[in-house]
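Colleague: Hi! I have a few questions about this model; could you walk me through it?

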Amino acid sequence: MFVVVTAVAALLTVAASGAWASEEDTEKTDTVLTSAFTAVTSITTAYLGIRAASNTARRAISERQNRGAGDGRTTDTGATRLTTSKPQD
């Protein structure tokens, strides 16, 4: 999150200085601000998408582990094999 906030802040600073430098030419100002908005949107969407996918994967692994813990059998999480404390019959 820190990297995203820092990148967005730096981008907005550069965009503001670009818009200020081209205050006479509204077409350049529009171009700078449109590009900045697009970049901020892309960065934010990428971060939120990666975070959502990570949370979904973590939840799926946790649910799969919890289902296997009750019967005392080995649970395959896809990444690792976990054995519960109960011996198999």
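Modeller: Happy to! First, a term we will need: two residues are in contact when heavy atoms lie within 4.5 Å. Keep in mind, too, that this is a predicted model.

Colleague: Let's start broadly, then. In what order do the elements of the protein chain run from the N terminus on?

Modeller: The secondary structure of the protein chain consists of two helices and two strands. Reading from the N terminus, their order is α-α-β-β.

Colleague: What share of the exposed area of the protein chain do carbon and sulfur atoms supply?

Modeller: Of the 89 residues in the chain, 15% count as buried. The area that the protein chain exposes is about 6,900 Å². The share of it supplied by carbon and sulfur atoms is 61%.

Colleague: Is Thr-29 buried or exposed?

Modeller: Thr-29 sits in helix α2. The cut-off for buried is under 20% relative accessible area. Thr-29 has a value of 15%, so the word for it is buried.

Colleague: Which residues is Thr-29 in contact with, leaving aside its neighbours within four places in sequence?

Modeller: Here the 4.5 Å limit between heavy atoms comes into play. With those sequence neighbours set aside, the contacts of Thr-29 are Ala-19, Ser-22 and Glu-23.

Colleague: And Glu-27: is that one buried or exposed?

Modeller: Glu-27 belongs to helix α2, which covers residues 26-69. To count as exposed, a residue needs over 50% relative accessible area. Glu-27 reaches 59%, and therefore it is exposed.

Colleague: Which residues gather in the patch of negative charge on the surface?

Modeller: Glu-27, exposed at 59% relative accessibility, is one of them. The full group is Glu-23, Glu-24, Asp-25, Glu-27 and Asp-30.

Colleague: One last pair: how far apart in space are Val-14 and Val-32, C-alpha to C-alpha?

Modeller: Val-14 lies in helix α1, residues 2-21, and is exposed because its relative accessible area is 55%. In sequence, Val-14 and Val-32 are 18 residues apart. In space, their C-alpha to C-alpha separation is 9.3 Å.

Methods. Residues are numbered from 1 along each chain as its sequence is written. This is a predicted model: local features need pLDDT of at least 70, side-chain atom pairs count only at pLDDT 80 or more; totals for chains, interfaces and linings use all residues. Side-chain values use heavy atoms; hydrogens and water are left out. Patches are made of residues with over 30% relative accessible area and no salt bridge: like charges are joined within 9 Å, nonpolar side chains (Val, Leu, Ile, Met, Phe, Trp, Tyr) within 5 Å. Accessible areas come from the Shrake-Rupley method with a 1.4 Å probe; for residues, only the protein chains shown count as cover. A salt bridge is a side-chain nitrogen of Lys or Arg within 4 Å of a carboxyl oxygen of Asp or Glu. Lys and Arg count as positive and Asp and Glu as negative; His and the chain ends are not counted. The place of a charge is taken as NZ of Lys, CZ of Arg, CG of Asp or CD of Glu. Helices (H or I, at least four residues) and strands (E, at least two) are DSSP runs, numbered from the N terminus. Buried means under 20% relative accessible area, exposed over 50%, partly exposed in between (1.4 Å probe, protein chains only).
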